[in-house]
Amino acid sequence: MIKRFLNWRSYAIVFGALIVLVSFFYINSITKEMEKSELEKVQTTIEGIRQLSNADLSTDVNFATSIVSKNKTIPMITVNEQGEIIDYINLDPKRIAKDTAYLQHRLKEFKAYNRVIITDFKYGKNYVYYGYSPMLEKLTYYPLIQLAIILVFVIIVLIAVFNAQKSLQNQVWVGMSKETAHQMGTPLSSIVGWMEILKENDANKEYVAEMENDVKRLKLVADRFSKIGSIPTLEPENIIPRIQAVTQYMKVRAPKKVSVEFETKGEEDASYLVSGPLLDWVIENLIRNALDAIEGNGTIKVTVKNTTRQILIDVEDSGKGISKKEFKNVFKPGYSTKKRGWGLGLSLAKRIIEDYHHGLIFVKNSEIDKGTIFRIVLTR
């Protein structure tokens, strides 16, 4: 499903790029044609002006006047051999009256694009500089506007696809969590019934006591899964005793050659709004991953550093480590280096810490064959 999302994202980008390229070449072609047409119109207008300036009383100037009067869009500035502006057409007269530098500014602009035609008049050689018509000017900016529109469209599509993907993942997690909790409920009820029967025989008391501890643990696991599938209730709590209890629980069940340590730094009261069972699940999951990484021999250290603004929880192991390129991938659904499991542990841990507790969880540091440190940051 993740690959399908990536494909959709790639398709959207390629589709947008194709539209931009096709539009660019098409608009560029139209622009070139219009430039050519406007150049011809400018030349015709200049010829009309030249005929009018060279005409005498016997010359019929109606045709020349008609040609000049038809140019109502292309701005033109005529300059003599000394560089003085002697005439202009299709430029805003009100703007010229208010701003004495406006004509020089437009002339400089026309010169920058080398839009000039040299022509001979009766009274000398003139240089006619011209610009684009308003329509052609707008057309030159159209590809950029279209590019911006396409980019916005692609971004909207990507956001929609990403949100749909995330929503689908959430539905899968919720469904899986509720179904797991439901499936565990039936055998747990049956086990509790059998335990009551076993209690009738005093010889079974020791075994029943251990079974009760395991049943309580299974109920806690079921409760955690049910809470993952819904928005949990957060309550203020000093989380140090809770994390210490989880560490101690895992320490008892760790292999003999594995050392599990717990340490606190800073104030003893690390109060935070938490869902206790879900936080337990995250810490337990990180320790289980550490146990898998050290493969039965090594050290695991859980450290809680309590500052005035943050609570930092580090789970460090001396295991096989993670390559830097995999730091972000470990939190993606389906990622796993183990032969068993669904690869949802760290993904769910990220959801619990970041979505429910508004914190951060990430790989703080890792080196191959030296170990890994996962860090949780809870900001007050």
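The chain has nine helices and eleven strands, and the model in which they appear is a predicted one. The exercises below go from the whole chain to single residues.

**Exercise 1. Describe how much of the chain is buried and how its contacts are spread along the sequence.**

Step one is to take burial over the whole chain: of its 380 residues, 37% count as buried. Step two turns to the contacts whose separation is 6 or more, and here residues 24 or more positions apart account for 68%. Step three adds the accessible surface, which comes to about 23,600 Å², with 57% of it belonging to carbon and sulfur atoms.

**Exercise 2. Find which residues of the largest nonpolar core touch the most other members, and which helix gives the core its largest share.**

Begin with the core itself, which has 43 residues, and among these Ile239, Val282 and Ile376 touch the most other members. The largest share of this core, ten residues, is supplied by helix H8, residues 276-294. Next, follow one of the three: leaving out residues up to four places away in sequence, Ile239 touches Ala270, Val274, Leu279, Ile311, Ile313 and Leu378. Apart from this core lies another, made of nine residues that include Val79, Leu103, Phe110 and Tyr129. As background, nonpolar side chains in soluble globular proteins tend to be buried together.

**Exercise 3. Work out how helices H8 and H9 pack, and what kinds of residues make up their contact.**

First comes the geometry: H8 and helix H9, residues 345-356, pack at an angle of about 145 degrees, and their axes are 10 Å apart. The crossing in which H8 passes H9 is left-handed. Then list the partners: on the H8 side are Leu278, Leu279, Trp281, Val282, Asn285, Leu286 and Asn289, which meet Gly345, Leu346, Leu348, Ala349, Ile352, Ile353 and Tyr356 of H9. Sorting the residues of this contact gives eleven nonpolar, three polar and no charged.

**Exercise 4. Decide whether Thr303 and Ile231 are buried or exposed, and place each in the structure.**

Start with Thr303, which lies in strand E8, residues 298-306. Its relative accessible area is 12%, and because buried means under 20%, Thr303 is buried. Beyond its neighbours within four places in sequence, Thr303 is in contact with Glu263, Lys265, Leu312, Ile313 and Asp314.

Now turn to Ile231, found in the loop between helix H6 (205-228) and strand E5 (235-238). Its relative accessibility is 77%, and since exposed means over 50%, Ile231 counts as exposed. Finally, the C-alpha atoms of Ile231 and Asp355 are separated by 9.6 Å, although the two residues are 124 residues apart along the chain.

Definitions and conventions. Residues numbered from 1 in each chain as written. Predicted model: local features only at pLDDT ≥ 70, side-chain atom pairs only at ≥ 80, totals over all residues. Heavy atoms only, no water. Helix = DSSP H or I, 4+ residues; strand = E, 2+ residues; numbered from the N terminus. Buried < 20%, exposed > 50% of the residue type's maximum accessible area, 1.4 Å probe, protein only. Core = buried A, V, L, I, M, F, W, Y, C linked by side-chain atoms within 4.5 Å. Contact = heavy atoms within 4.5 Å. Axes fitted to C-alpha atoms, helices over the stretch in contact; angles between N-to-C directions. Left-handed = near helix turned anticlockwise from the far one by under 90°. Nonpolar A, V, L, I, M, F, W, Y, C, P; charged D, E, K, R; others polar. Areas by Shrake-Rupley, 256 points an atom, 1.4 Å probe, with all protein chains shown as cover.
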